Amino acid sequence: MQPAPAIHIENLASRYGGLTVFEDLTFTMRGGELLVLLGPSGVGKTTLLRMIAGLDAPSAGQITASDGQPLAQRIAYMGQQDLLLPWASLLDNVTLGARLRRQPKNLDLAHNLIGRVGLAGREKALPAQLSGGMRQRAALARTLYEQRPIVLMDEPFSALDTITRARIQDLASELLAGCTTLLITHDPQEACRIGHRLLILAGDPPCLRPPLVVPGPPPRAPDDPAVLQTQGALLRELAA
Amino acid sequence: MKFLRPPITIAVFLVAWWAITAFTPVPPFMLPTPQSVGAALLAQHDLLFTNTITTLAEILLGLLFGTLLGAVAAIGIVASTTLQRWLMPILVLSQAIPVFALAPLLVLWFGFGITAKIVMTVLVIFFPVTANFADGLRRTDPSLLDLAHTMNAGRTASLRHIRLPAALPALASGLRVATAFAPIGAIIGEWVGASAGLGYVMINANARIQTDLMFAALAILATITITLYQLVDHALRRLLYWAPESQGGGSGRVRWEP
C-alpha cells in the first residue's frame, strides 16, 4: 500500500439552493493519523466527508493530497449502515470492490481480513445470518480490502451496543494504523479512545474549533486518565 | 389447519353450487350441476387435454417472451435516458389501447394459430413486468451506489453487480402479476379467433349450449392459473432466498391460498 498522504482542505464551502451549509473550512488531515470530526447534527459533517470522498462537489475551495496525486481511487468509505449486499456471501461482500473494478479477487487478503475481524469460518454466510456487530466488522473488512491509504468513516459504529462498539473500535484502531482516516462520530468516548486529534465543527455559521490532541497511542482504555480528561474537555466544548 | 383450508373451501364451494342447482329453479343450461361438469370432464377428457396443452403452451411462451421483453425494456429505460424518452410513450400507449380491442387485429396479422395468442399474452404482461422491474432498478439504495462509486465502479459494473440484483425482488413482483394475467391474454386471443385451446372449446360449447363442457374448461383454466402462480411464487421465493419478502408472509405478495 502507498504511504498515506496528508490531505489539505482549504476554504471549502457547501452551498445548497441559496443556503450555506458551511464555508471557509480549512484544516489538514495529517498523513497516517486518525482525525475525528465531531459536532451537532446538521452542521455539515457528512457533507464534508462526501466532498472528500468525491461524492459531492464542493461549492468552493480545494481538497488536495500532500503528494500532489489525485484523491480518487485512493479513498475507502464506510458509512453508518453496513451496506452489505444481502444476496452476496460475506466473502463476496468483502471482495465487492474487485468485482466492481473487474479485477481478480485477492482471496488471500480477503481471508486474512475476515480472520482479523474475527469472522473466519463465516465466509459463506449471508448478511442476514450475521449479527449487527458481525455485519459492521464485515463492512470494516470490506473497507480494508480496498487497501486505500485514505479511509473515510461516517458514524460507522453508532448502531452497535456499547460492548460490541468498544471491541470494534479497538479493532478499527489497530487495522487502520497507518491510514489517513477521518472518522465522524457523536460518541465522545469513541473519539477519545481511537482518535489522534479531535476536530469540532459547530456554531452558526459552522466553523472549526482548534483541534484537541489526545495524548498516548490509540486505542486507549476507556478508563485511561487521558481519555477521561479529554472526554471532559470535549463535552465542555460541544456544549459551549 | 393450513393444509385443510383449501380442500374445505373447495368442498364448501361445491356443496353450495350443488345446493343451488338442486333447490332453485335455475335450469341446467344456465348452471349445470357439479356432477354433470365432472362427467363432462371425464367424457371429453381427450378433447379437453389436447386443448389444454395448446392454451398452456400459449401461456408459458407468452410468459417467457413477455418477461424477457419486459426485463430488457426496463433495463433499457433505466440505462439510457434517450431510450427512456423513446420507450416510455410507447409503453404508456400500449396500455392506453385496450388489449381486447387489439385482439381481432392480432388474429388478422398472425392468423388463427398460436402466434397471435402469444403476442396477446406478451402484450398483457409486458407492462407489469417492465413497470415493476424499472421501478426496482430506479430505487437502488443511493448509499450502495455511493459505495460503488468510491470503489471506482463503472456504470455497467454497478448495474450488473448492484442495481440488477437489488431489483430482482421487484422483477419477481412483476412476474407474479404477469403469471396471474397471462391466461387472460391467451383466452382473449382464443375467443377472438382460434382453431384450438380452452377458450376455443368454451366459445364452441357456449354456442351449442354445452354449459357443462364450458364449466369443465373453466375449471381446468382456473386450476392452471392457480397452479402456475403457486409454482412461480415458490420458485421465486427459493431463488430470491435473501430478499426479506421471501422469508415468511412478507408484504407485497398476494397469497392465493384460501
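The exercises below concern a predicted model and work through its chain contact, its domains and some of its backbone angles.

**Exercise 1. Describe the side of chain A that touches chain B: how many residues are in contact, and which elements contribute?**

Step 1. Count the residues on each side. Chain A has 20 residues in contact with 15 residues of chain B.

Step 2. Assign the chain A residues to elements. Two or more residues come from each of β5 (75-78) and α3 (96-100) of chain A. The largest share belongs to α3(A), with 4 residues.

Step 3. Sort this side of chain A by class. It holds 12 nonpolar, 4 polar and 4 charged residues.

**Exercise 2. Where do the domains of chain A begin and end, and how many residues of each take part in their contact?**

Step 1. Set the bounds. Domain 1 of chain A covers 1-74 + 150-240, and domain 2 covers 84-147.

Step 2. Place the two domains relative to each other. Their C-alpha centres are 25 Å apart.

Step 3. Count the contact residues. Domain 1 of chain A supplies 11 and domain 2 of chain A supplies 10.

Step 4. Look at the domain 1 side. Helix α6 (residues 162-175) of chain A gives the largest share, 5 residues. By class, this side has 10 nonpolar residues, 1 polar residue and no charged residues.

**Exercise 3. Locate two cis peptide bonds of chain A.**

Step 1. Recall the usual case: most peptide bonds are trans.

Step 2. Take the bond between A:D204 and A:P205. This bond is cis, with omega about 0°. A:P205 sits in the loop between β8 (197-202) and β9 (207-208) of chain A.

Step 3. Take the bond from A:P218 to A:P219. Here too the bond is cis, with omega near 0°. A:P219 belongs to the loop between β10 (212-213) and α8 (225-239) of chain A.

**Exercise 4. Which sign does phi have at A:N11 and at A:D24, and is each residue exposed or partly exposed?**

Step 1. Recall the usual sign: most residues other than glycine have a negative phi.

Step 2. Read A:N11. Its phi is positive, about 50°, although A:N11 is not a glycine. The residue lies in strand β1 (residues 7-16) of chain A.

Step 3. Classify A:N11. It counts as exposed because it has 12 C-beta neighbours inside 10 Å, and the exposed class takes 12 or fewer.

Step 4. Read A:D24. Its phi is near 55°, also a positive value in a residue other than glycine. A:D24 is in strand β2 (residues 19-29) of chain A.

Step 5. Classify A:D24. With 13 other C-beta atoms within 10 Å, A:D24 is partly exposed.

Definitions and conventions
Residues numbered from 1 in each chain as written. Chains lettered and ligands numbered in written order. Predicted model: local features only at pLDDT ≥ 70, side-chain atom pairs only at ≥ 80, totals over all residues. Contact = placed C-beta atoms within 7 Å. Nonpolar A, V, L, I, M, F, W, Y, C, P; charged D, E, K, R; others polar. Domains from an automatic or database assignment. Buried ≥ 20, exposed ≤ 12 C-beta atoms within 10 Å, placed from the backbone.
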